[in-house]
Amino acid sequence: MRIFSVLNAANRKARAPQNEKDVPFQEILPLRLKNRVSGKSDSSSDVACLQEMSILFACLKDNDFVEKFCHKEISQFKKCYKVFMDGKTALKATVNQGIITPGNNLNYRQLNKYMRLFPNPK
């Protein structure tokens with residue numbers, strides 16, 4: 001009985017929402033996007049070959065960190081890392097050429113170049 005009365009009292013003291021017509025909108029900053037994007041958040045934390053690295057560490061731990069027993073795992077890790085670095089350098093080359101590839105993973109330079117084509121009106 002007491003819990004019900006406490007819950008009922010809480011519902012009666014709730015604050016009523018404000019009427020939108022009583023609160024006028026005040027534009028402090030212009031409601032449009034800028035024509036550029038900062039590159040602060042462009043540093044990505046790519047983790048390369050995490051699965052191969054964990055397999056390699058497990059093998060090294062099982063063999064008391066003697067590398068000659070884990071030759072297969074080391075070669076798989078090196079191969080995976082080489083493929084990762086080749087892809088990263090190819091991506092960096094396309095970025096430096098200024099080629100805008102279609103998709104949603106543009107960096108800030110490509111995005112700024114694209115936004116220069118369609119600027120916001122003043």
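Is Tyr 81 buried, exposed or partly exposed? Select Tyr 81: with 41% relative accessibility, Tyr 81 counts as partly exposed (20% to 50% would be in between; buried is under 20% relative accessible area and exposed over 50%, with a 1.4 Å probe and protein chains only). This is a predicted model, in which local features need pLDDT of at least 70, side-chain atom pairs count only at pLDDT 80 or more, and totals for chains, interfaces and linings use all residues. Residues are numbered from 1 along each chain as its sequence is written, and side-chain values use heavy atoms, without hydrogens and water.

Add Phe 77 to the selection. Phe 77 and Tyr 81 both lie in helix α3 (residues 71–97), 4 residues apart, about one turn of the helix (helices are DSSP runs of H or I, at least four residues, numbered from the N terminus). Their ring centres are 6.5 Å apart and the planes are at 20°, so the pair is stacked (rings pair if their centres lie within 6.5 Å; planes under 30 degrees apart are stacked, over 60 edge-to-face, the rest tilted).

Next, select Phe 84. Tyr 81 and Phe 84 form a tilted pair, 6.4 Å centre to centre with 35° between the planes. Phe 84 is partly exposed, at 24% relative accessible area. Phe 77, Tyr 81 and Phe 84 form one aromatic cluster.

Now move to Ile 100, Tyr 114, Leu 117 and Phe 118, which make a nonpolar surface patch of about 420 Å² (patch residues have over 30% relative accessible area and no salt bridge, and nonpolar side chains are joined within 5 Å, like charges within 9 Å; a salt bridge is a side-chain nitrogen of Lys or Arg within 4 Å of a carboxyl oxygen of Asp or Glu). Leu 117 lies in helix α4 (residues 108–117) and is exposed at 57%. Phe 118 is in the segment after α4 and is exposed at 56%.

Finally, select Asn 35: Phe 118 and Asn 35 are 83 residues apart in sequence and 8.5 Å apart in space, C-alpha to C-alpha.

Terms used. Areas by Shrake-Rupley, 256 points an atom, 1.4 Å probe, with all protein chains shown as cover. Helix = DSSP H or I, 4+ residues; strand = E, 2+ residues; numbered from the N terminus. Phe/Tyr/Trp six-rings, centres within 6.5 Å; stacked < 30°, edge-to-face > 60°.
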